[in-house]
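Me: Please take a close look at a single part of this structure, and then work outward from there. I would like the cut-offs stated wherever a term depends on them.

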Amino acid sequence: MPSNPIGRDADVLYIGIDLGTSRSAVAASNGKREWVHSYVGWPKDFVARRLLKKDVLFGSEAIKNRLSLDLVRPLEFGVIRGGTHREEEAVRQLIHHLVGLAEPQEGQKIFAAVGVPAEALKVNKLAIRTAVREHADTLMVVSEPFAVAYHLEALTHALIVDIGAGTIDFCVMHGTMPGEEDQRSLRTAGDYIDRRLFKLLQDKYPDTRFSETLVREIKEKKGRVGKSNGRVRISVPIGGKFSKHDITNEVRQACESIIPSIAEMLIELIARYEPDFQRSVRDNIHLAGGGSQIKGMADAIADSLSEFGNFSVKPVDDPLFIGAEGALALAQDMPEQYWEGM
C-alpha cells in the first residue's frame with residue numbers, strides 16, 4: 001500500500017465509520033452517507049421470525065419491533081456492553097450492516113477507519129478489530145473526538161467535546177496525533193440525562209408508565225437548557241385518560257445536570273495546556289455529538305465557565321455525520337504506518 005493512499009487506487013473504497021452508543025454513521029469515498037440507531041435485534045422465536053421474515057434487524061426497524069426481538073444496544077458507557085458473545089456479535093453485525101450501506105463494489109478493497117468512544121479505544125480495540133476483520137482489508141481505530149477534530153481541521157490549540165449517549169469525550173489537539181493523556185471521558189452523558197428525566201417524570205406522574213424510548217425522544221426533540229423560549233408539553237395517559245402536561249422544568253433540569261462535570265473537565269484540561277496558548281484553546285472549543293443539539297447547550301457551558309473568564313464554545317454544523325466524515329478523511333490521508341493489516 002502506498003504511504004499516502006489518497007486517490008491512488010480506483011479499486012479501493014475508503015470508509016469512515018462512527019460507531020456510537022446511540023447512533024452509528026458511515027461515510028464512504030463513493031459519496032454514500034448513511035446512519036442507523038445502534039440497535040441490533042434477533043427474533044425471539046419462530047413466530048417472531050415468521051412475522052418479521054428476517055434473521056436480524058437494525059436501527060429504527062429493530063426498535064419498532066422490539067417486543068418480538070432480543071434487542072441489543074451493544075455499546076454502553078462507551079464500551080462493548082459486558083464484553084459478552086452476544087454484544088460482540090451485535091457489534092460485528094452492526095459493522096457489517098454499516099459497510100453494506102456504503103455499497104462497496106465486488107472486488108473492491110476496503111480501507112476502513114472506525115471512530116469509537118475514547119473508552120472503547122482503550123478497552124475494546126481488539127474486539128472492534130475482530131468485528132471489522134471480515135469486512136475490510138485494512139483498519140484504523142481512532143477516537144471519535146479526534147475524528148471530529150480532523151474533519152474541522154482543528155488540529156492545534158483546540159478542544160473537542162463530544163456529548164454522546166454513553167460518554168462525553170474530550171480531546172485536546174496540539175498539532176500532533178493525540179495520546180491517551182490528551183483525552184478524557186465522562187459517563188454523565190446522554191443516557192444519564194435520560195435516566196434523570198425518567199425519574200423526574202415518574203415522580204411527577206406516578207400513575208403513568210413512561211418507556212425509555214419515549215423519554216429519549218422527548219430529550220432529542222425538546223431538550224433545552226437555560227432561558228430558552230417555548231414550553232415542553234406532552235400528552236400522557238393518567239387514569240386511562242390522555243391529557244397534556246407541561247414538563248418544561250423537568251426537561252431543563254435533566255439536560256442541565258451534565259453541565260457542571262463538563263465545565264470541571266474543561267478547566268482541568270485547559271489548565272494542563274501550555275500556558276502561552278491557553279487563551280487560544282479557550283477560544284477554540286467545539287461541541288459535537290447528539291448532546292450538542294440540546295437547545296442552548298453551547299452557551300450554557302460557556303456561561304458556566306464565566307468565573308474563569310471568557311470562553312467560546314461552538315456547536316458543530318453536522319453532528320450526525322461529522323465523526324464518520326472525519327474518519328473517512330483520516331482513511332484517505334493516513335500514511336501506511338498507521339494502518340493495521342487484516
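Reply: Two strands pair if DSSP finds at least two bridges between them, where strands (E, at least two residues) and helices (H or I, at least four) are DSSP runs numbered from the N terminus. This is a predicted model, in which local features need pLDDT of at least 70 and side-chain atom pairs pLDDT 80 or more, while totals for chains, interfaces and linings use all residues. Residues are numbered from 1 along each chain as its sequence is written, and side-chain values use heavy atoms, without hydrogens or water.

The part I would start from is an open sheet of three strands, arranged in the order E5-E4-E6 with antiparallel pairing. Strand E5 (57-58) and strand E6 (69-72) are its edges, each pairing on one side only. Strand E4 (residues 40-43) is joined to E6 by four bridges, the two running antiparallel, and within this pairing Val40 of E4 has Val72 of E6 as its bridge partner. Across E4, E5 and E6 lies helix H3 (residues 85-101), which runs at about 110° to E4 (the axes are lines fitted to C-alpha atoms, for helices over the stretch in contact, with angles from 0 to 180 degrees between N-to-C directions).

Val40 also belongs to a nonpolar core, that is, a set of buried Ala, Val, Leu, Ile, Met, Phe, Trp, Tyr and Cys residues joined through side-chain atoms within 4.5 Å. The largest such core has 45 residues, and Leu159, Val161, Ile168, Phe170, Ile262, Leu266 and Met297 touch the most other members. Helix H10 (residues 259-271) gives the most to this core, with seven residues. The core that includes Val40 is a second, separate one of 32 residues, with Val26, Phe58 and Ala131 also among its members.

Met297, from the largest core, touches Ile163, Val225, Cys255, Ile258, Ile259, Leu287 and Gly291, leaving aside residues up to four places away in sequence (a contact being heavy atoms within 4.5 Å). Ile17, found in strand E1 (residues 12-19), has a relative accessible area of 1% and is therefore buried (under 20% is buried, over 50% exposed, and in between partly exposed, with a 1.4 Å probe and protein chains only). With the same sequence neighbours left out, residues up to four places away, Ile17 touches Val26, among others including Ala25, Ile95, Leu98, Val99 and Ala327. Ile17 and Gly164 are 147 residues apart in sequence, yet their C-alpha atoms are 15 Å apart in space.

Charged side chains complete the picture, with a count of 17 salt bridges (a side-chain nitrogen of Lys or Arg within 4 Å of a carboxyl oxygen of Asp or Glu). Asp194 takes part in a salt bridge with Arg216, where the closest N and O atoms are 3.5 Å apart, and this pair links helix H7 (residues 190-204) to helix H8 (residues 212-222) across 22 residues. Asp194 also meets Lys219 of H8 in a salt bridge, at 3.1 Å from N to O, and here the partners are 25 residues apart. Asp194 is buried at 8% relative accessible area, as are Arg216 at 14% and Lys219 at 12%. Within H7 itself, Asp203 and Lys199 lie four residues apart, about one turn of the helix, and form a salt bridge at 2.8 Å, with Lys199 partly exposed at 46%. Elsewhere, Arg33, Asp318 and Glu325 are linked in a network of salt bridges.
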